[in-house]
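Take a minute to look over the sequence and the model, and turn the model around a bit. Then read on for a short tour.

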Amino acid sequence: MDNNPMVIENNYFSIQYSFLLEENLNDHSLFQILKEKRGIQISKSKRTIEICRATMQEASYLQVSKNSPLLLVHGVVYGNNDKIVYVGNQIINGEKYKLHV
């Protein structure tokens, strides 16, 4: 592993998940915290994958050239009773990523 960044991830939760701001998400699984603290079991997710071009800011973060092709993954994650837990986007340096389906 070369310690270079490979993904920019932004996830959006409703206010009922504000307790996550107090959690250590660097060392613990988000899904495990949701299950242990609120009894929320992730049931499914839906993802859309497409190609996008790196903006100046994304290029800087991912250490690639502006307009480099990147993968854009938009997802919706569902929990108990098929309620939306969060919506998120990942912008991924495709040169460092493998997708196993």
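In which elements of the chain is confidence lowest, and in which is it highest? Helix α1 (residues 30-38) sits at the bottom with a mean of 94, while β4 tops the list at 97. That score is pLDDT, the predictor's confidence in each residue, from 0 to 100. Over the chain the average is 92, and 99% of the residues score at least 70.

Some ground rules: this is a predicted model, where local features need pLDDT of at least 70, side-chain atom pairs count only at pLDDT 80 or more, and totals for chains, interfaces and linings use all residues. Residues are numbered from 1 along each chain as its sequence is written, and side-chain values use heavy atoms, leaving out hydrogens and water.

**The overall picture**

The chain has two helices and four strands, and their order along the sequence is β-α-β-α-β-β. Helices (H or I, at least four residues) and strands (E, at least two) are DSSP runs, numbered from the N terminus. The C-alpha atoms fill a box of roughly 45 × 25 × 25 Å along the principal axes. Of the 101 residues, 29% count as buried. Buried means under 20% relative accessible area, exposed means over 50%, and partly exposed is in between (1.4 Å probe, protein chains only). A contact means heavy atoms within 4.5 Å. Among contacts with a separation of 6 or more, 52% join residues 24 or more positions apart.

**One side of a helix**

In α1, L30, I33 and L34 are buried. They cover an arc of only 100° around the axis, so they lie on the same side of α1. The arc is taken from the directions that run from the helix axis to the C-beta atoms. The general rule is that an α-helix has 3.6 residues a turn, so residues three or four places apart point the same way. What covers these buried residues of α1 includes β1 and β4.

**Four residues to find**

Here are four residues to look up in the model.

| Residue | Where | Relative accessible area |
|---|---|---|
| I8 | strand β1 | 16%, buried |
| N93 | segment after β4 | 5%, buried |
| N81 | loop between β3 and β4 | 70%, exposed |
| D82 | loop between β3 and β4 | 47%, partly exposed |

What does I8 touch, leaving aside residues up to four places away in sequence? Its partners are E58, Y61, L62, N89, Q90 and I91. I8 and Y61 are 53 residues apart in sequence, yet their C-alpha atoms are 7.8 Å apart in space. With the same neighbours left out, N93 touches M6, L62, V64 and L70.

The loop pair has its own quirk. N81 has a positive phi of about 60° although it is not a glycine, and D82, also not a glycine, has a positive phi of about 55°.

**The largest pocket**

About 190 Å³ of space lies in the largest pocket. On a 1 Å grid over the protein atoms alone, a pocket is an open set of points where a 1.4 Å probe fits, with protein on both sides within 12 Å along at least five of seven lines; lining residues have an atom within 4 Å of a point. Its volume is the space filled by probe spheres set on the points.

The lining has 13 residues, and E9, R47, V73, Q90 and Y97 lie nearest the centre. β4 gives the most, with four residues.
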